[in-house]
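Work through the following exercises with the sequence and the coordinates at hand. Each task is followed by a stepwise solution.

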Amino acid sequence: MTRIGFIGLGNMGGPMAANLARAGHAVQVFDLVAENLQKAITAGCIAAGDAREAVGGCEVVISMLPAGEHVCSLWLAEGGGQDLLGALPAGALVIDSSTIDVASARRVGEEARVRGIRFIDAPVSGGVAGAAAGTLTFIVGGEQADFEAARPILAQMGQNLFHAGALGAGQIAKMCNNMLLAIHMAGTAEALALGVKEGLDPAVLSTIMGKSSGNNWSLERYNPWPGVMENVPAARGYQGGFMTRLMVKDLGLAMALAEHAHSAVPLGALARNLFNLHATKGQGAKDFSSILELYLDKAPGEK
Ligand code: NAD
């Protein structure tokens, strides 16, 4: 049993903390939203009055927050935040699983090292369903020894654990992956829309492309056309899954990374514009596979 502090109990953090409590750890939790805190208590976590109380006496602390500004505010007191690093004993391990910009992850990690605290960036893939099922993929940046120290804890929330490289490498790998995901989802929707407008059946076309050189994960595992596949967001009105607005956020992080690396990302930039356009049409809360609707004159299934 490990005493674990957990800050940020939203769509992802809530079920992740619950899995740790279920595995027998003492999980001290805090969230700014009372309702999220209450759900975690119901799931067996221990309530704290604030973030400082949540990390009290903990060997491991996990944060799962929306963006870099929240992470820097919490850990470094930037923008009038908390300086939570100052509340930890030397040798404590901080696991930040938020998806954030690489510069923020490195800034927090380097400040942690100066204070004798271990830090890894450990963004996840797998969405809300993966968080609930404990099947997330963790993509970690930081020292190998810190990755190994985190492994038993991460294994209780996820199935695939990758060490991508040094501090910040977890965020870099996550951004590369999500940029590629956005590109092949948009490409899959585009190809299906073209074929269907020319009279093909979307299921037949999906099977043909799935056995041909156009095959990819979006087509084979997450088909955007309603009715082609069961148990995907397209089968339930694009509810659940990975929201378009979160994909837009991740693509924004990928663009900033590309600028830093002086690396051309023309397809990533186009995908960002497509998903952003879709979000500004009021579709930001739908799963990102609903990008298909951008290619159709009507929503699929609409008469
Ligand atoms: P969310 O908005 O549902 O949850 C974030 C939580 O952090 C909220 O409950 C908020 O109240 C809390 N919070 C913010 N600042 C805080 C502070 N200072 N102290 C305490 N609590 C604070 O977001 P989410 O969907 O759970 O996503 C979390 C992170 O995981 C994001 O970086 C997101 O990009 C990433 N992610 C999300 C998904 C997904 O499908 N939702 C998938 C992979 C990665």
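**Exercise 1.** In this predicted model, find which residues Thr2 touches, leaving out those up to four places away in sequence, and decide whether Thr2 is buried or exposed.

Solution. Start with location: Thr2 sits in the segment that precedes strand E1 (3–7). Next, list the contacts: Thr2 touches His25, Ala26, Glu59, Val60 and Ile153. Finally, take the relative accessible area of Thr2, which is 15%. Buried means under 20%, so Thr2 is buried.

**Exercise 2.** Place Val108 in its secondary structure element and determine whether Val108 is buried or exposed.

Solution. Val108 belongs to helix H5 (residues 102–114). Its relative accessible area is 0%; with the cut-off for buried at under 20%, Val108 is therefore buried. Beyond four places in sequence, Val108 touches Val71, Cys72, Trp75, Leu76, Leu85 and Phe119. For Trp75, 33 residues away along the chain, the C-alpha separation from Val108 is 6.9 Å.

**Exercise 3.** Describe how helices H8 and H11 pack, giving the angle and the distance between their axes.

Solution. H8 covers residues 169–197 and H11 covers residues 244–261. They pack at an angle of about 120 degrees, and their axes are 9 Å apart. Because that angle falls outside the ranges for roughly parallel, antiparallel and perpendicular, H8 is oblique to H11. The crossing of H8 past H11 is left-handed. On the H8 side, the residues in contact include Ile172, Met175 and Met179; on the H11 side, they include Met247, Leu251 and Leu257. By class, the contact has 11 nonpolar, 1 polar and 2 charged residues.

Methods
Residues are numbered from 1 along each chain as its sequence is written. This is a predicted model: local features need pLDDT of at least 70, side-chain atom pairs count only at pLDDT 80 or more; totals for chains, interfaces and linings use all residues. Side-chain values use heavy atoms; hydrogens and water are left out. Axes are lines fitted to C-alpha atoms, for helices over the stretch in contact, and angles run from 0 to 180 degrees between N-to-C directions. Helices (H or I, at least four residues) and strands (E, at least two) are DSSP runs, numbered from the N terminus. Angles under 35 degrees count as roughly parallel, over 145 as roughly antiparallel, 65 to 115 as roughly perpendicular and the rest as oblique. A crossing is left-handed if the near helix is turned anticlockwise from the far one by less than a right angle, and right-handed if clockwise. Contact means heavy atoms within 4.5 Å. Ala, Val, Leu, Ile, Met, Phe, Trp, Tyr, Cys and Pro count as nonpolar, Asp, Glu, Lys and Arg as charged, and the others, Gly among them, as polar. Buried means under 20% relative accessible area, exposed over 50%, partly exposed in between (1.4 Å probe, protein chains only).
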